[in-house]
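Me: Got a minute to walk through this model with me? I'd like to start with how the helices pack, then move to the rings.

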Amino acid sequence: MDKKVYELLNDQINKELYSAYLYLDMANYLGDMGLDGFAHWYELQAGEEQEHALKIRKYLIENDQKVELLAIAKPDKVFDGILSVLEAGYEHEQYVTSLINDIYDAAMSVKDWRTAQFLDWFVKEQLEEEESARDLITKYNLFAKDSAGLYELNKELGKR
Ligand code: FEO
């Protein structure tokens, strides 16, 4: 495997695990506010990010590459209310999409079609991840402006 493609993939394992950390941090923040449904939504999201990391780890191993686990950074976002969490989640997913696109670019530039094909799953996944993050913002803005609406949305997210 091309060195640059390898490094980007290996680093993406770390980025996905950082995403899990970030979503757990969001779950903690929302849970502390008493919003157990919102917290549950982000806990599940954290689980998905761990699965993404494992998928990439498996792909590297299948390709006879050595996985190097790097230190996971402390989540550094400062939240100021519910909407700030939802917006940070959407921004973060847009950032992850850009990372996946960068790996895709690197793979294409060395004709590593196998990695490009592997990344197709992530390209589609990022569409869903961005959409669900955006959907939360829309729902919050539409329905959660009063406490009754917030109560209902919290209940709905708890069923994810
Ligand atoms: Fe692994 Fe939310 O992207």
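Reply: Sure. One definition before the helices: axes are lines fitted to C-alpha atoms, for helices over the stretch in contact, and angles run from 0 to 180 degrees between N-to-C directions. Also, keep in mind that this is a predicted model.

Me: Fine. At what angle do the axes of H3 and H4 cross?

Reply: Roughly 165 degrees. H3 covers residues 82–109 and H4 covers residues 113–143. Their axes come within 9 Å.

Me: So what do we call H3 and H4 relative to each other?

Reply: Roughly antiparallel. The cut-off for that is over 145 degrees.

Me: And is the crossing left-handed or right-handed where H3 passes H4?

Reply: Left-handed.

Me: Which residue classes make up the contact of H3 with H4?

Reply: There are 19 nonpolar residues, six polar and six charged.

Me: Let me pick one residue. Where does Ile100 lie?

Reply: In helix H3. Ile100 has 1% relative accessibility, so it counts as buried.

Me: How far is the C-alpha of Ile100 from that of Tyr23?

Reply: They are separated by 19 Å, with the two positions 77 residues apart along the chain.

Me: Switching to rings. How many aromatic pairs are there?

Reply: Six. Take Tyr23 and Tyr42: the ring centres are 5.8 Å apart and the planes sit at 25 degrees, so this pair is stacked.

Me: Which helices do Tyr23 and Tyr42 lie in?

Reply: Tyr23 is in H1, residues 3–32, and Tyr42 is in H2, residues 36–62. The pair therefore ties together parts that are 19 residues apart in sequence.

Me: Tyr23 and Tyr42, buried or exposed?

Reply: Both are buried. Tyr42 has a relative accessible area of 2%.

Me: What about Trp41 and Tyr42, how are those rings arranged?

Reply: Edge-to-face. The centres are 5.0 Å apart, with 70 degrees between the planes. Trp41 is at 10% relative accessibility, so it counts as buried.

Me: Which residue lies over the face of Trp41?

Reply: Arg160, at 4.3 Å from the ring centre.

Me: And what lies over the face of Trp121?

Reply: Lys55 does, 4.2 Å from the ring centre.

Me: Last one. Which residues form an aromatic cluster with Trp121?

Reply: Tyr59, Phe118 and Phe122 join Trp121 in one cluster.

Technical notes: Residues are numbered from 1 along each chain as its sequence is written. This is a predicted model: local features need pLDDT of at least 70, side-chain atom pairs count only at pLDDT 80 or more; totals for chains, interfaces and linings use all residues. Side-chain values use heavy atoms; hydrogens and water are left out. Rings of Phe, Tyr and Trp (its six-membered ring) pair if their centres lie within 6.5 Å; planes under 30 degrees apart count as stacked, over 60 as edge-to-face and the rest as tilted. Helices (H or I, at least four residues) and strands (E, at least two) are DSSP runs, numbered from the N terminus. Buried means under 20% relative accessible area, exposed over 50%, partly exposed in between (1.4 Å probe, protein chains only). A charge sits over a ring if NZ of Lys or CZ of Arg is within 6 Å of the ring centre and within 35 degrees of the ring normal. Angles under 35 degrees count as roughly parallel, over 145 as roughly antiparallel, 65 to 115 as roughly perpendicular and the rest as oblique. A crossing is left-handed if the near helix is turned anticlockwise from the far one by less than a right angle, and right-handed if clockwise. Ala, Val, Leu, Ile, Met, Phe, Trp, Tyr, Cys and Pro count as nonpolar, Asp, Glu, Lys and Arg as charged, and the others, Gly among them, as polar.
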